[in-house]
Amino acid sequence: MTIQRITNDDERKRITRTILEGLPDWFGIPEAREEYIEASRGKPFFCAYEAGEPVGFLYLKETRKDTMELAVMGVQEKHHRQGIGRSLFEQAKKEAARLGYSFLQVKTVQMGKYESYDRTNRFYLSLGFQELEVFPTLWDEWNPCQIYIMALEKRDFS
């Protein structure tokens with residue numbers, strides 16, 4: 001498995017579409033999925049490849065002058081629990097620190113609502129994210145938004 005930074009917007013969109021369409025338990029709302037695909041343009045974007053094929057990706061976006069958000073991450077389900085998400089995250093974390101950001105944040109559905117999102121929550125906690133706040137109706141009442149945050153250190157990119 002290799003991780004590559006992707007700088008071509010058409011390639012970013014193609015990878016995002018390919019991976020997210022294969023993850024309906026997490027990205028089953030077509031309108032939201034299209035927003036993620038379009039928003040990939042111009043973002044710090046990393047893709048994991050196995051045998052030359054994309055198996056996972058993530059991209060970051062700035063939310064404030066000191067904060068980058070892990071905007072979206074997807075790893076093909078058959079490749080879960082193989083370290084791909086963690087490897088992608090480590091590259092993104094280094095990039096955010098290199099760019100001078102102080103914090104990383106990520107949003108997901110609050111723990112205890114759906115098993116697939118409970119796995120996602122456990123994954124983010126295992127990376128070192130800490131609970132910041134829950135917004136019960138940011139998305140809708142069935143999907144309370146959990147925000148996790150992590151402080152970055154300058155040594156994170158060395």
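## Exercises on strands, helices and a pocket

Eight bridges join strand β3 to strand β4 (residues 67-75), and the two run antiparallel. With that pairing in hand, let's work through this predicted model together.

**Exercise 1. Place F57 among its strand partners: which residues stand opposite it in β2 and β4?**

Step 1. Start with β2 (residues 45-50), which is joined to β3 (residues 53-64) by six bridges, again in antiparallel fashion.

Step 2. On the β2 side, C47 stands opposite F57.

Step 3. Now turn to β4, where G74 is the bridge partner of F57.

Step 4. Finish with the turns. The hairpin of β2 and β3 has two residues between its strands, and A51 there takes a positive phi near 55 degrees. β3 and β4 also form a hairpin, with two residues between them.

**Exercise 2. Decide whether T16 is buried or exposed, and find what its side chain reaches.**

Step 1. Locate the residue: T16 belongs to helix α1 (residues 9-21).

Step 2. Check its accessibility. The relative value is 0%, so T16 counts as buried, the cut-off being under 20%.

Step 3. Look for a polar partner: the T16 side chain reaches the backbone oxygen of R12 at 2.8 Å. As a reminder, an α-helix has 3.6 residues a turn, so residues three or four places apart point the same way.

Step 4. Go further along the sequence. Leaving out residues up to four places away, T16 touches Y36, I37, S40, F45, F57 and Y59. Here F57 from the first exercise turns up again.

**Exercise 3. Test whether the length of helix α4 agrees with its number of residues.**

Step 1. Helix α4 covers residues 84-98, which is 15 residues.

Step 2. The expected span is 1.5 Å times one less than the number of residues, so α4 should span 21 Å.

Step 3. Compare: the end C-alpha atoms lie 21 Å apart, which agrees.

Step 4. Add the surroundings. The buried residues of α4 include I84, L88, F89 and A92, and also K93 and E95. Just after the helix, G100 takes a positive phi of about 95 degrees.

**Exercise 4. Describe the largest pocket: which residues are closest to its centre?**

Step 1. Begin with the volume, about 1400 Å³.

Step 2. Of its 45 lining residues, W26, F27, Y117, T120 and Y124 are the closest to the centre.

Step 3. Ask which elements give two or more residues to the lining; among them are α2 (24-27), α3 (30-39), β3, β4 and α4.

Step 4. The largest share, eight residues, comes from α5.

Definitions and conventions. Residues numbered from 1 in each chain as written. Predicted model: local features only at pLDDT ≥ 70, side-chain atom pairs only at ≥ 80, totals over all residues. Heavy atoms only, no water. Helix = DSSP H or I, 4+ residues; strand = E, 2+ residues; numbered from the N terminus. Buried < 20%, exposed > 50% of the residue type's maximum accessible area, 1.4 Å probe, protein only. Polar contact = N/O pair within 3.5 Å; in protein donor to acceptor, adjacent residues only side chain to side chain. Contact = heavy atoms within 4.5 Å. Pairing = 2+ DSSP bridges. 1 Å grid on protein atoms, 1.4 Å probe; cavity = no way out; pocket = protein on both sides within 12 Å on 5 of 7 lines; lining within 4 Å. Points joined across faces, edges and corners; volume = space filled by probe spheres on them.
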